[in-house]
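Dear colleague,

Please find below the structure that I am handing over to you. I would be grateful if you could read the notes beneath the structure alongside the coordinates.

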Amino acid sequence: MYMARLVCSDSECAEELTAETATLRELETLMCECGCGLEVIGWPDVAAEPLAEVVLLRVQAASAGRRRRDALSDAA
Ligand SMILES: [Zn+2]
């Protein structure tokens, strides 16, 4: 399945929607209700989850480093 953010190519309509189709070709041939073609402007949800995971891992690594420094200063 392909999911995309689409916007109407007619600037007076400017309808925006998210569509899901079985093939990329179907996405490209979708039509707005006003009769104009729709243009793909973005891909939702594709990169959102992996990015959130990377940020979370960095936060965990940073706090682990801080804990190690605290232990050293306690010993000194
Ligand atoms: Zn339209």
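The notes below cover the metal site, the nonpolar core and the sheet. Please bear in mind that this is a predicted model.

I begin with the metal site. A zinc ion is bound through the SG atoms of Cys8, Cys13, Cys32 and Cys34, at 2.2 to 2.4 Å. The angles among the four donor atoms run from 103 to 115°, and the site is tetrahedral. For comparison, the ideal angle for four tetrahedral donors is 109.5 degrees. Along the chain, the donors are spaced as C-x4-C-x18-C-x1-C. Two of these ligands may be described by their accessibility: cysteine 32 has a relative accessibility of 8% and therefore counts as buried, while cysteine 34, at 43%, is partly exposed.

Cys8 and Cys32 also belong to the largest nonpolar core, whose seven residues further include Ala4, Leu6, Ala19, Leu27 and Leu38. Strand E1 (residues 2-8) contributes the most to this core, with three residues. Leaving aside residues up to four places away in sequence, leucine 27 is in contact with Tyr2, Ala4, Leu6, Ala19, Thr21 and Trp43.

Turning to the sheet, three strands form an open arrangement in the order E2-E1-E3, with antiparallel pairing. Strands E2 (16-21) and E3 (38-42) are at the edges; each has a single partner strand, so one side of each lacks a neighbour in the sheet. From one strand to the next, the twist averages 45°. E1 and E3 are joined by four bridges, and leucine 6 has valine 40 in E3 as its bridge partner.

Yours sincerely

Key: Residues are numbered from 1 along each chain as its sequence is written. This is a predicted model: local features need pLDDT of at least 70, side-chain atom pairs count only at pLDDT 80 or more; totals for chains, interfaces and linings use all residues. Side-chain values use heavy atoms; hydrogens and water are left out. Donors are N, O and S atoms within 2.8 Å of the metal (3.2 Å for Na, K and Ca); water is not among the atoms, so sites may look incomplete. Four donors count as tetrahedral if all angles lie between 85 and 135 degrees; four count as square planar and six as octahedral if opposite donors are over 155 degrees apart and all others between 65 and 115; anything else is irregular. Buried means under 20% relative accessible area, exposed over 50%, partly exposed in between (1.4 Å probe, protein chains only). A nonpolar core is a set of buried Ala, Val, Leu, Ile, Met, Phe, Trp, Tyr and Cys residues joined through side-chain atoms within 4.5 Å. Helices (H or I, at least four residues) and strands (E, at least two) are DSSP runs, numbered from the N terminus. Contact means heavy atoms within 4.5 Å. Two strands pair if DSSP finds at least two bridges between them. Axes are lines fitted to C-alpha atoms, for helices over the stretch in contact, and angles run from 0 to 180 degrees between N-to-C directions.
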